[in-house]
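Good morning, colleagues. Please bring up the sequence and the model, and I shall walk through several of its features in turn.

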Amino acid sequence: MFKALVLTQSDDTIQAALDEFSDDVLPQGEVLVDIAYSALNYKDALAISGMGKIVKSFPMVPGIDFTGTVLASQDARYRVGDEVIATGWGLGEKYWGGLAQRARVPGDWLVHMPRGLDAFSAMVLGTAGLTAMLCVSRLREADVTPASGQILVTGATGAVGSIAVQLLSRLGYRVAAVTGKADMASYLQSLGAQQILARDTMSKAPRPLETQRWAGAVDVVGGDVLARVLAETHYGGAVAACGLAGDYRLETTVMPFILRNISLLGVDSVYCPPSRRRAAWQELSERLPENFYTQISQTISLSEVPATAKALLSGDIRGRIVVDVRAD
Ligand code: NDP
């Protein structure tokens, strides 16, 4: 038997409760994994709180991320005892996810644990780390280099934002960080941010073009913040957009694109192809300092997940929430 957090729906309300199951209730799949850690992502918090129509069928085990050890495998690429990472692919949305002690998934959804990471550190990264790395890769592919100028990261104390600030700074970029948390300047500086901007200075709707300030940006917020970032990006710059923590809408004009040659780059981690995913995990395993993983994370148990999900949606959480699925 294994423990899982399960979402059920009655009268349009979502209930989250711990329950116990046997392996035979797990979905079909080639690889059975003994989960060590999962995480609480923004999308998981939406799912658990019944917002955003994330969950496609009930009952559902939420959790878009997990790490663990292979217990049984019909896929020749994975052997019993291999350490693996899973993120995205509809886990916790369409398929039973990682906020449990066991999962069964197709082998194509797994990545072998790269050297330099372990089950805990890989979950400190998880979907947030993969997304931050994909954003940075998109900027590099658009020729935004450390010599191009300053890079702006929005929602900087959140999970994707914290990892993006640290990664960019380790890669030699000068980083400016936007935050709504006035007391978090020293945290952001410790991750490598050289300039901190208060969120309200960036959330005012912009004119079509503003003074050019940023060579590039990683945006997790959307809405007016993203519109302002676009209006303030240098000629030839690029903005990687991956989130909607502020607003899913984007009201802008074509001016930054047609007068400043700016690129708006979409980033999705959920269905990111396996080869790009493996390359991103490999680079993540090489770039981050050892103390980073404890610096940005806090660890909770499965039973603490529902209350923490509420705090996360209210924007009160800093960094990354790792879930130890064996802890009481
Ligand atoms: P977090 O909740 O950890 O961080 C979001 C941060 O955004 C907050 O910490 C806060 O940072 C800022 N924020 C919160 N509310 C608002 C608001 N109303 N207006 C402006 N800023 C706000 O979430 P994640 O970092 O995990 O995810 C961030 C976004 O990226 C989410 O929308 C998520 O869905 C998306 N995402 C997308 C992925 C993809 O594949 N495209 C993958 C992963 C995440 P601060 O206080 O510092 O300003």
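In which loop does G315 lie? G315 is found in the loop between helix 10 and strand 15, the latter spanning 320-324. Before going further, I should state that this is a predicted model. At 34% relative accessibility, G315 counts as partly exposed. Its C-alpha is 31 Å from that of A279, and the two residues are 36 apart in sequence.

Let me turn to helix 10 itself, which covers residues 305-313. Which residues of helix 10 are buried? They are V305, T308, A309 and L312. These buried residues cover an arc of only 110° around the axis, and therefore they sit on the same side of helix 10. A general point of geometry applies here: an α-helix has 3.6 residues a turn, so residues three or four places apart point the same way. On the other side of helix 10, A307 and K310 are exposed.

I now come to the ligand. The shell around the ligand holds 26 residues, of which T157, V160, T179, G180 and S269 come nearest. By class, the residues of this shell divide into 13 nonpolar, ten polar and three charged. As for secondary structure, at least two shell residues come from each of helix 2 (119-141), helix 3 (159-170) and strand 9 (175-179).

Where does the ligand lie with respect to domain 1 and domain 2? Domain 1 comprises 2-113 + 296-324, and domain 2 comprises 127-266. Both domains give residues to the shell, so the ligand lies between them.

Which polar backbone atoms face oxygen atoms of the ligand? For S269, the distance from a polar backbone atom to an oxygen atom of the ligand is 2.7 Å. A polar backbone atom of G180 is 2.9 Å from an oxygen atom of the ligand, and for a polar backbone atom of L244 the distance to an oxygen atom of the ligand is also 2.9 Å. Taken alone, the ligand exposes 920 Å², and the protein buries 87% of that.

Next, three buried residues in loops. E210 is placed in the loop between helix 5 (199-202) and strand 11 (214-219). Is E210 buried or exposed? Its relative accessible area is 13%; a residue counts as buried under 20%, and E210 is therefore buried. The side chain of E210 also makes a polar contact with the side chain of R207, at 2.9 Å.

W96 belongs to the loop between strand 5 (83-87) and strand 6 (102-105). With a relative accessible area of 16%, W96 is buried. Between the C-alpha atoms of W96 and W109 the distance is 13 Å, for a separation of 13 residues in sequence.

L117 is located in the loop between strand 7 (110-112) and helix 2. L117 counts as buried, at 8% relative accessibility. The C-alpha atoms of L117 and A327 are separated by 21 Å, and the two residues are 210 apart along the chain.

Let me continue with strand 13, which covers residues 263-266 and contains L264. The relative accessible area of L264 is 35%, which makes this residue partly exposed. How far apart in space are L264 and V239, C-alpha to C-alpha? The distance is 5.0 Å, although the residues are 25 apart in sequence.

In the loop between helix 7 (255-260) and strand 13 we find N261. Phi of N261 is near 60°, a positive value in a residue other than glycine. N261 has a relative accessible area of 47% and is partly exposed.

A positive phi also occurs at D11, where the value is near 50°, and D11 too is a residue other than glycine. D11 lies in the loop between strand 1 (2-10) and strand 2 (13-21). Its relative accessibility is 76%; since exposed means over 50%, D11 counts as exposed.

My last item concerns the backbone once more. Which residues does a cis peptide bond join? The pair is F58 and P59, with omega at about -5°. P59 is situated in the loop between helix 1 (42-48) and strand 4 (65-73).

To close, I return to the ligand: the protein buries 87% of the area that the ligand exposes when taken alone, and the ligand lies between domain 1 and domain 2. Thank you for your attention.

Terms used
Residues are numbered from 1 along each chain as its sequence is written. This is a predicted model: local features need pLDDT of at least 70, side-chain atom pairs count only at pLDDT 80 or more; totals for chains, interfaces and linings use all residues. Side-chain values use heavy atoms; hydrogens and water are left out. A residue is near a molecule or strand if one of its heavy atoms lies within 4 Å of it. A polar contact is a pair of N or O atoms within 3.5 Å; within protein, one must be able to donate a hydrogen and the other to accept it, and residues adjacent in sequence count only if both atoms are side-chain atoms. Accessible areas come from the Shrake-Rupley method with a 1.4 Å probe; for residues, only the protein chains shown count as cover. Helices (H or I, at least four residues) and strands (E, at least two) are DSSP runs, numbered from the N terminus. Ala, Val, Leu, Ile, Met, Phe, Trp, Tyr, Cys and Pro count as nonpolar, Asp, Glu, Lys and Arg as charged, and the others, Gly among them, as polar. Domain bounds come from an automatic or database domain assignment. Buried means under 20% relative accessible area, exposed over 50%, partly exposed in between (1.4 Å probe, protein chains only). The arc is that of the directions from the helix axis to the C-beta atoms.
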